[in-house]
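Please take a moment with the sequence and the structure shown here before reading on. The paragraphs that follow lead through a few of the features, one after another.

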Amino acid sequence: MPGLGVVGIQWGDEGKGKIIDMLSRYADVVVRFQGGANAGHTIVAEGKKVILHLVPSGALHEKKYCIIGNGVVLDPEVLKREIEELKSLGFLKDDRRLMVSGLAHLIMPYHKKLDVLKESKGSKKIGTTGRGIGPAYEDKMGRMGIRVVDLLDKKVFKERVKENLELKNFLIKRYYKEEPFKIREIIKAYDVYRKFLKRYAKDTSAFLHRCIEKDMDILFEGAQGTYLDIDHGTYPYVTSSNTVSGNIASGAGVPPSSINYILGVCKAYTTRVGEGPFPTELFDDTGKRIREIGGEFGATTGRPRRCGWFDAVIAKRAIRLNGVNGLAIMKLDVLDGFEKIMVCTKYRMRGRIIDEPPMGIEEYRECVPVYEEMEGWRSSIRGIKSFEELPVNAKNYLRRLEELLQTKIDIISTGPERENTILINLYFRERRSA
Ligand code: GDP
Ligand code: IMO
Ligand code: MG
């Protein structure tokens, strides 16, 4: 019974990086299974703040295996830079423990260019991170993608780039009226990445199967959040992969039976970056206050995050979709000092009260939250490590969330550092001591 999945149950940036880093202590392997460098996972440890985009958030611990699974779209430029940065900070001393699936698809320069161009044209702006994620997954599904294993074979790589450029350059030149890519330049840049990636490229699915056989503890690190999922999110204002726990198996190359527990991560309020519906968004001073206190600025793009109250309608559905067994409630300290705290329990939409988000995007935009008001707490909870020490109103807030979501809280986060954490249930620790 070795697998613990960690997924975001809002619109991303829930604090998955902190949780994965903290839980890595108890695990042997950490695996990214979807998304790419659109992710920005922040870890504050040993007095250092590190933002990881591709390398799994177990990298700050020695002796952990870090796997980039087949479901990830890999930008070798970002990976190279990230590894160098980690090494310069004294982490990843033994980088043979970092592995990249040969089956992972590569982000190419034309993916990044097309991502940005698509956003600049027309009115349907998604507010993407510009990291080439959508175009890379389009090529993967369109069976035109180039995988890490293809890059390792010089001849295959050149052929695949050539085929791709015919179409991409046509689009870039004719449709977007921009400068086309030169094959020579891409080949030259990727020659460097071939040499660099050779060391890390592995059959990671086979490796993970050996880990499962040995009963090792594996953490599956979700990126983005449930409402950015390509199927279950607020389409088309989503990312281009399945972010829900159902994708762990295919994105990591393990059987579903190897995932035994799902931890759903959410903030004590809600944020979103980019466009798309967000019923509890606050446009007033309260929203501004949450952004300022919570430091709500994108870890990847630096954009200000949109902020609002906790939305139990989406959280409840996400719990069901992911099969969440326990919750990690993050950034509770950000709500310190608020006189009243609101929780959205239902939506009002076109004169009706609903408790499931609507399927249509226009209907979603028209949803107005129905709030329940709770008393805030006056004192600072920053860094508190036990539930008993929390002020009574903070306890009441958490108990009400458990009640509304019908799911138990395993972890409460009271600050960005590893230590600022209340551990109630810990799947790996309990498993090890059993
Ligand atoms: P991720 O993408 O889900 O890993 O989340 P991000 O790293 O993008 O955003 C979460 C931000 O909140 C980071 O800056 C974290 O350092 C910070 N953070 C995480 N947990 C807490 C907490 O409990 N309190 C406070 N104040 N900050 C936190
Ligand atoms: P982590 O893992 C928050 C958002 C973008 C945009 C939409 C599509 O740090 O939680 P994309 O570049 O993926 O095509 O952009 O998805 N987005 C995220 N928002 N956290 C993330 O990752 C995100 N990754 C993508 O802002 O709205
Ligand atoms: Mg993030």
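In this predicted model, a useful place to begin is Tyr175, which counts as partly exposed at 46% relative accessibility. Tyr175 forms an aromatic pair with Tyr176, and this pair is edge-to-face, with 4.8 Å centre to centre and 80° between the planes. Tyr176, for its part, is buried, its relative accessible area being 15%. The ring of Tyr175 has a further contact, since the charged end of Lys121 sits over this ring at 4.4 Å from its centre.

A second pair is made by Tyr347 and Tyr364, whose ring centres are 6.3 Å apart and whose planes stand at 50°, so this pair is tilted. Because planes over 60 degrees apart count as edge-to-face and those under 30 degrees as stacked, an angle of 50° falls into the remaining class. The pair links distant parts of the chain, for Tyr347 belongs to strand β16 (residues 340-349) and Tyr364 to helix α12 (residues 361-365), 17 residues apart. Tyr347 is buried with a relative accessible area of 0%, and Tyr364 also counts as buried, at 5% relative accessibility.

The count of aromatic pairs comes to 12. Elsewhere, Trp11, Tyr227 and Phe278 form one aromatic cluster, while Arg289 lies over the face of Phe338, at 3.9 Å from the ring centre.

Which residues coordinate the magnesium ion (ligand 3)? The ion is coordinated by Asp13, through OD, and by Gly40, through O, at 2.0 to 2.2 Å. Asp13 lies in the loop between β1 (3-8) and α1 (16-24), and Gly40 in the loop between β2 (29-32) and β3 (41-45), so the pair ties together parts that are 27 residues apart in sequence. Asp13 counts as partly exposed, at 22% relative accessibility, whereas Gly40 is buried, with a relative accessible area of 11%.

The strands β1 and β2 also appear in an open sheet of 10 strands, which has mixed pairing and runs in the order β9-β7-β5-β2-β10-β1-β11-β15-β19-β20. At the edges stand β9 (201-202) and β20 (421-423), each with a single partner strand, so one side of each is left without a neighbour in the sheet. Within this order, strand β15 (residues 326-330) pairs with strand β19 (residues 409-413) in the parallel sense over 3 bridges, and the bridge partner of Ala328 in β19 is Ile411.

How values were computed:
Residues are numbered from 1 along each chain as its sequence is written. Chains are lettered from A and ligands numbered from 1 in the order in which they are written. This is a predicted model: local features need pLDDT of at least 70, side-chain atom pairs count only at pLDDT 80 or more; totals for chains, interfaces and linings use all residues. Side-chain values use heavy atoms; hydrogens and water are left out. Donors are N, O and S atoms within 2.8 Å of the metal (3.2 Å for Na, K and Ca); water is not among the atoms, so sites may look incomplete. Helices (H or I, at least four residues) and strands (E, at least two) are DSSP runs, numbered from the N terminus. Buried means under 20% relative accessible area, exposed over 50%, partly exposed in between (1.4 Å probe, protein chains only). Rings of Phe, Tyr and Trp (its six-membered ring) pair if their centres lie within 6.5 Å; planes under 30 degrees apart count as stacked, over 60 as edge-to-face and the rest as tilted. A charge sits over a ring if NZ of Lys or CZ of Arg is within 6 Å of the ring centre and within 35 degrees of the ring normal. Two strands pair if DSSP finds at least two bridges between them.
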